[in-house]
Each structure stands twice: as C-alpha cells, then as structure tokens.
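Visitor: I should like to examine the internal packing of this protein, and I have several questions about its voids and its helix contacts.

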Amino acid sequence: MLKIILSTDWVACRNEILSRIAEDVAMQRPGRVLMVPELISYDTERRLCKAAGDTASRFAEVLSFPRLASRVADRVGNCALRCLDNGGRIVAMAAAIHGLHSRLKAYASVETKPEFLKELVDAVDEFKRCCITSKDLKEASLRTEGTLAQKLAELALILESYDAICAQGLRDPRDQMTWCLEQLQEDGFASEHVFYIDGFPDFTQQHLAILEHLIRNSSDVTVGLTCDRLDSDALAFEKAADTAAQLIRFVRRHTNSIRNKAF
C-alpha cells in the first residue's frame, strides 16, 4: 500500500514520519526503513534515535539511495563494484569515441576536444538518470530526420560503446541505481521491510524505478512530500505535486490502494 503525506511544512512532515516510526519501534515492529537524501542521513539518524529511543536501531534504520544499494549488495553477497572517477570517465569516453571514429560525422572532432568529452559525459549522466538507453536513442533517431536524427544515432553508438568499455573494467558510477534495482528484483528485501521516504523534492527516473519496485513488493510505503494538495498548481509545490502524480499513476496501473493525508 502506498501512503502519501502532504504538508506545506517540511519539518511537520518529517516529524509526522518520525512519530510513526517511533510508534512502530514502541510496538517492536521490525524492518522499518527511513529513506532520506544522503546529505541529511546522519542528522536524520540522530533525530530518529531521539524520537524512538535507545532501541530504535533494533527495529529501524536510515538509508539513502546509495546506502540502499550497498545494503542490498551486502545482503545478496555482491561486493561493491569499483567505479570510475571523473577523470576516468573522460578517458573512457575518449576511448569510446576513438573506437567509433570511422562511423562518426557529427561527433567526429570530439575526440581531440576535452571540453566536448566532458559535455558528452554530462549527457551520459542525464541519460542514465532518466533511464534512457542506447536503444531508446536509436529508436528516437528513426522517428526524426536530418541533423537531429544523425546526432541521435551517433549518441546511441557512443553510449553503447562507452557502456561496453565500462563493463570491461571500472564501472560508471551513474549505473549504481540500475544495479541496485536489479539486485532488489532478485532478492526479498522489499517484501521484508516497511518503507518511509522523506526529504526529497523530486526523484530521478532511476529513483522512481526503485520506488515503484518497493511499492509493488512492500506491504507499506509512506512517502512524505512538501505540497499543499495532490493537484497543486503552485510554483513552489510543482515538483512535489508532479512526483505524487507519477507515484499515483504507477499504483493505479497495478491496482493497489492509495491513502493520502495533508496537514
């Protein structure tokens, strides 16, 4: 079941979620997971211990998305994959371009221009966050014409070549959430835990894919969003309202129930 808590006051929303987890801890209900952005994870751990008491860690834990990836990897027995740093990603991109040199026209000169290589790495970041694959780019190129079609087709080749190079050595760090979802799908982590999600203004497509898996497999997922109402058109709440709408559309496609509470 998906529950959405809406509040125009983020602190009030946070405190509501902490209160619910504290009640779970008091009732000795295990397997509670509070997911928050990495930057506030340590502060949230402190607040959770203050709200739920000394036994909080026995029944609840605070995870960010990267922590979730590590947690699931440890659980299924996979060691953390070593990833490229920023310099390594540019070198890998240069190698991908070099290997495709005879097949590129629009991006033929990129190999000799480091600033363009950096821009391509940034594009890869965006593709991966949005779950856009080389196949998606190729299909998009077939639906367009002219220079745009050529660029999309070459970007598909570049992304495919880049991913192939990364697969042979150190991996691209932007694939971490993809690996996390794959491991979640192979394991029963979601079905064994109740999830509370708080502190996110919005989510990348990678994060949404993980949330959809949690909603589909966990008995209870509560998402706190800073918003006045589900159909809000206020500029300040636009991202949160859109996130709520995406989650609700997913749930309706899978015929689960929804509860929302605004305060």
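Visitor: Which residues line the largest cavity?
Guide: The model is a predicted one. In it, α6 and α8 (146–167) each supply at least two residues of the lining of the largest cavity. The full lining consists of L120, A123, V124, F127, L155, I158 and L159.

Visitor: Which element gives the largest share of the lining of the largest cavity?
Guide: By class, this lining has seven nonpolar, no polar and no charged residues. The space in the largest cavity is about 40 Å³. The largest share of its lining is four residues, and they come from α6.

Visitor: Are α6 and α8 roughly parallel or roughly perpendicular?
Guide: The axes of α6 and α8 come within 11 Å and cross at roughly 85°. Angles of 65 to 115 degrees count as roughly perpendicular. The crossing angle therefore makes α6, relative to α8, roughly perpendicular.

Visitor: How many charged residues does the contact of α6 with α8 have?
Guide: On the α6 side the contact is made by L120, V124, F127 and K128, which meet L155, I158, L159, Y162 and D163 in α8. Lys and Asp count as charged, whereas Tyr counts as nonpolar. By class, the contact of α6 with α8 has seven nonpolar residues, no polar ones, and charged residues numbering two.

Visitor: How is α5 placed against α6, roughly perpendicular or oblique?
Guide: Helix α5 (residues 86–99) packs with helix α6 (residues 114–129) at an angle of about 100°, and their axes are 9 Å apart. The range of 65 to 115 degrees counts as roughly perpendicular. The angle thus makes the placement of α5 against α6 roughly perpendicular.

Visitor: How many nonpolar residues are there in the contact of α5 with α6?
Guide: From α5, the residues R89, I90, M93, A94 and I97 meet L117, K118, L120, V121, V124 and D125 in α6. Arg, Lys and Asp count as charged. The contact of α5 with α6 holds three charged residues and no polar ones, and its nonpolar residues number eight.

Visitor: Which helix gives the most to the lining of the second largest cavity?
Guide: A search of the whole structure finds two cavities of 30 Å³ or more, and about 30 Å³ of space lies in the second largest. Its lining is formed by W10, R14, L18, L34, V36, I40, T44 and D198, which divide by class into five nonpolar, one polar and two charged residues. The greatest contribution, three residues, is that of helix α1 (residues 10–26).

Visitor: Is α4 roughly parallel or oblique to α9?
Guide: Helix α4 (residues 65–76) and helix α9 (residues 176–186) have axes that come within 9 Å and cross at roughly 45°. Angles under 35 degrees count as roughly parallel, and 65 to 115 as roughly perpendicular. The angle of roughly 45° therefore makes the relation of α4 to α9 oblique.

Visitor: How many polar residues are in the contact of α4 with α9?
Guide: The residues of α4 in this contact are F65, P66, L68, A69, V72, A73 and V76, and they meet Q176, M177, C180, Q183 and L184 in α9. Gln falls outside the nonpolar and charged classes and counts as polar. The contact of α4 with α9 has 10 nonpolar and no charged residues, and its polar residues number two.

Visitor: Which elements give two or more residues to the lining of the largest pocket?
Guide: About 240 Å³ of space lies in the largest pocket. Of the 14 residues that line this pocket, P66, R129, M177, Q206 and H207 are the closest to its centre. By class, the lining divides into six nonpolar, five polar and three charged residues. The elements giving two or more residues to this lining are α4, α9 and α10 (205–217).

Terms used. Residues are numbered from 1 along each chain as its sequence is written. This is a predicted model: local features need pLDDT of at least 70, side-chain atom pairs count only at pLDDT 80 or more; totals for chains, interfaces and linings use all residues. Side-chain values use heavy atoms; hydrogens and water are left out. Axes are lines fitted to C-alpha atoms, for helices over the stretch in contact, and angles run from 0 to 180 degrees between N-to-C directions. Angles under 35 degrees count as roughly parallel, over 145 as roughly antiparallel, 65 to 115 as roughly perpendicular and the rest as oblique. Contact means heavy atoms within 4.5 Å. On a 1 Å grid over the protein atoms alone, a cavity is a set of points where a 1.4 Å probe fits but cannot get out, and a pocket is an open set with protein on both sides within 12 Å along at least five of seven lines; lining residues have an atom within 4 Å of a point. Grid points are joined across faces, edges and corners, and a volume is the space filled by probe spheres set on the points.
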